Amino acid sequence: MKQTLSNDLLTVTIDTMGAELQSIVDNRTKYEYLWHGDARFWDRRSPVLFPIVGSVWEGRYKMDGVEYQLGQHGFARDCEFEIMTDVPENEAWFSLEYNDSTLEKYPRRFRLEIGYALNDDRLTVKWRVKNLDDRVMDFQIGAHPAFNYPAFSASDDVHGYLLFDNRGEMSTQLLKEKGCVGYDEMKVEVDSEGMIPVTATTFDINTIVLADNQVHRVSLLDKERRPYLSVFFDAPVVGIWSPAPDAPFVCIEPWYGRCDRADYTGEFSEREYVEHLNPGQVFETSYLVVFDSL
């Protein structure tokens, strides 16, 4: 089932499956900002990553000394959410509670609430994680929205530009094997204007992983360096990814988490970039997308 938010500028559509964004349309031009989920490149659009971000080593992790299996990015993106009622105007909210199936993969009782608020040219994505268990809840949560490049052509030398709020030195953690990072890092090279041109080789390293609060805003500009959209967040990690040189979109992904280190077999609670929530407590956060081209 789909829910819609709309104003004079934008129409936003969300599916109850995964509480996932399906569409962000400019109402005047009918331009679509969000990737449409073609399996040729990637069959998703904007999944919410929970209770892990990325991969656990060998698809397995330990919690309370017991080993569990969990696929990349967790299970919330493949779960049907309930539509929440009595929510603020111009917002849509969805909820997922633990069940027998989730407990087999992740042994904590939880309630995950995902909200979308549309105000003028701004879309705020809100997350609430509630610990319904009697034990500390260790988890990760992240975003994975895929934004279409403006006026995309696969033959272009440059598809667009990335601009960050950090004009100083930055480095990306490098994936090593099986979707997990090693200990090597690489300097992020920017041009004279502090931008990264997105070319056919930008994602040869797979994913740009900017960790440790290096940036809190990533802007996507068009081929002429004109503002297109910006993503603002407080998350300590952001991933930037596109699956192929000729893919017409790029993902800008605020993460409260990250994949395992290669060969990590310790307790989940001791993974890097893990949130810890005491019984009865609530974790709340959000990220904001501003559509600069409107």
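**Exercise 1. Which residue in strand 17 does L162 stand opposite?**

Before we start, here is how to read the model. The model is predicted, so to speak of local features we need pLDDT of at least 70, side-chain atom pairs count only at pLDDT 80 or more, and totals for chains, interfaces and linings use all residues. Residues are numbered from 1 along each chain as its sequence is written, and side-chain values use heavy atoms, with hydrogens and water left out.

*Solution.*
Step 1: Find the strands, which are DSSP runs of E with at least two residues, numbered from the N terminus. Strand 14 covers residues 160-164, and strand 17 covers 195-198.
Step 2: Check the pairing, which requires that DSSP finds at least two bridges between two strands. Four bridges join strand 14 to strand 17, and the two run antiparallel.
Step 3: Read off the partner: L162 stands opposite I196.

**Exercise 2. Place strand 17 in its sheet, and find the strands at the edges.**

*Solution.*
Step 1: Recall that strands of a sheet pair through backbone hydrogen bonds, either parallel or antiparallel.
Step 2: Follow the order 7-8-9-10-24-20-19-14-17, in which nine strands form an open sheet with antiparallel pairing.
Step 3: Look at the edges, where strand 7 (82-83) and strand 17 (195-198) each have a single partner strand, so one side of each has no neighbour in the sheet.

**Exercise 3. Describe the hairpin of strand 15 and strand 16.**

*Solution.*
Step 1: Strand 15 (residues 171-177) and strand 16 (residues 180-187) run antiparallel and are joined by five bridges.
Step 2: One pair to look for is T172 with its bridge partner M186 in strand 16.
Step 3: Two residues lie between the strands, and K178 takes a positive phi near 50°.

**Exercise 4. Find the second largest pocket and say what lines it.**

*Solution.*
Step 1: Learn the term. On a 1 Å grid over the protein atoms alone, a pocket is an open set of points with protein on both sides within 12 Å along at least five of seven lines; a cavity is a set where a 1.4 Å probe fits but cannot get out; lining residues have an atom within 4 Å of a point.
Step 2: The volume of the second largest pocket is about 150 Å³.
Step 3: Its lining includes T172, M186 and I196, residues you have already met.
Step 4: Sort the lining by class: five nonpolar, two polar and two charged residues.

**Exercise 5. Now examine the largest cavity.**

*Solution.*
Step 1: The structure holds one cavity of 30 Å³ or more, and the largest cavity has a volume of about 40 Å³.
Step 2: Among the lining residues are L21, Y116, W127 and H144.
Step 3: The classes are eight nonpolar, two polar and no charged.

**Exercise 6. Where does Y116 belong among the nonpolar cores?**

*Solution.*
Step 1: A nonpolar core is a set of buried Ala, Val, Leu, Ile, Met, Phe, Trp, Tyr and Cys residues joined through side-chain atoms within 4.5 Å. Buried means under 20% relative accessible area (1.4 Å probe, protein chains only).
Step 2: Y116 and I141 have the most contacts inside the largest nonpolar core, which has 69 residues.
Step 3: Strand 9 (residues 110-119) gives the most to this core, with five residues.
Step 4: A second, separate core of eight residues includes F41, W42, W241 and F249.

Notes:
Points joined across faces, edges and corners; volume = space filled by probe spheres on them. Nonpolar A, V, L, I, M, F, W, Y, C, P; charged D, E, K, R; others polar. Buried < 20%, exposed > 50% of the residue type's maximum accessible area, 1.4 Å probe, protein only.
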